[in-house]
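Let's take a walk through this fold together, one piece at a time. Have the sequence and the 3D view open as you read.

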Amino acid sequence: MPAPSLDYLIFDYSEDEEGNGTWDAMASVSAARLSALTAEIASVLAWANRAFPGQRAAIEDGGDWDFDLQAQDDSGDSLIADVDARAGHVQIAAAPAGNTNVTLTISGSAAFADAFREAFNLDAD
């Protein structure tokens, strides 16, 4: 199954000396667009779970990939961002006013980095 296109998440990439990669993305959406952003995040995490099943853990703990998801309102107050990675379910609370600002960081081994880059047609630069 091909990976979905990315409409909301624009990733910045960095790499350490061992080839482990980190992608950071931030999106800011109105309440009307939050469900589409949430679905996109869920599909990215579902791809990672399918491509590297049972391998989610910090690299230093022997995992191949991991992620961090955070959400805030426009004033910087935290919002609930809940993920059930196995079920592929992501729930993010909408900001009470203004936009919901979401950051997603995905890190992975060199093998994960190559597969992620290829699956989502991402540049390494």
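Which residue in β4 does alanine 71 stand opposite? Its counterpart there is leucine 79. Keep in mind as you look that this is a predicted model.

That pair is a handy way into the sheet. Five strands make up an open sheet, and going across you meet them in the order β1-β2-β7-β3-β4, with antiparallel pairing. The edges are taken by β1 (11-15) and β4, each of which pairs on one side only. As background, strands of a sheet pair through backbone hydrogen bonds, either parallel or antiparallel.

Let's start at the β4 edge. Strand β4 covers residues 78-79, and two bridges join this strand to β3, with the two running antiparallel. Besides the alanine 71 and leucine 79 match, glutamine 72 has serine 78 of β4 as its bridge partner. Between β3 and β4 the chain makes a hairpin with four residues between the strands, and there glycine 76 takes a positive phi near 90°.

Now step over to the other side of β3. Here β3 (residues 65-73) pairs with β7 (residues 100-108) in the antiparallel sense, over nine bridges. You can pick out a few of the partners by eye: aspartate 66 is bridged to serine 107 in β7, and aspartate 68 to threonine 105 in β7.

Keep going and you reach β2. Strands β2 and β7 also pair in the antiparallel sense, over nine bridges. One spot to look for is methionine 26, whose bridge partner in β7 is threonine 103.

What about the helices? Helix α1 lies across β2 (21-29), β3 and β7, and runs at about 10° to β7. Helix α1 (residues 31-51) also has a helical neighbour: its axis and that of helix α2 (residues 110-119) come within 11 Å and cross at roughly 135°. That angle is why α1 counts as oblique to α2. The crossing itself, as α1 passes α2, is right-handed.

Which residues do the meeting? From α1 come Val44, Trp47 and Ala48, and they meet Phe112, Ala115, Phe116 and Ala119 in α2. Sort the residues of this contact by type and you get seven nonpolar, no polar and no charged.

So here's the picture to take away. There is an open sheet of five strands with antiparallel pairing, α1 lies across β2, β3 and β7, and α1 crosses α2 at roughly 135°.

Notes:
Residues numbered from 1 in each chain as written. Predicted model: local features only at pLDDT ≥ 70, side-chain atom pairs only at ≥ 80, totals over all residues. Heavy atoms only, no water. Pairing = 2+ DSSP bridges. Axes fitted to C-alpha atoms, helices over the stretch in contact; angles between N-to-C directions. Parallel < 35°, antiparallel > 145°, perpendicular 65-115°, else oblique. Left-handed = near helix turned anticlockwise from the far one by under 90°. Contact = heavy atoms within 4.5 Å. Nonpolar A, V, L, I, M, F, W, Y, C, P; charged D, E, K, R; others polar.
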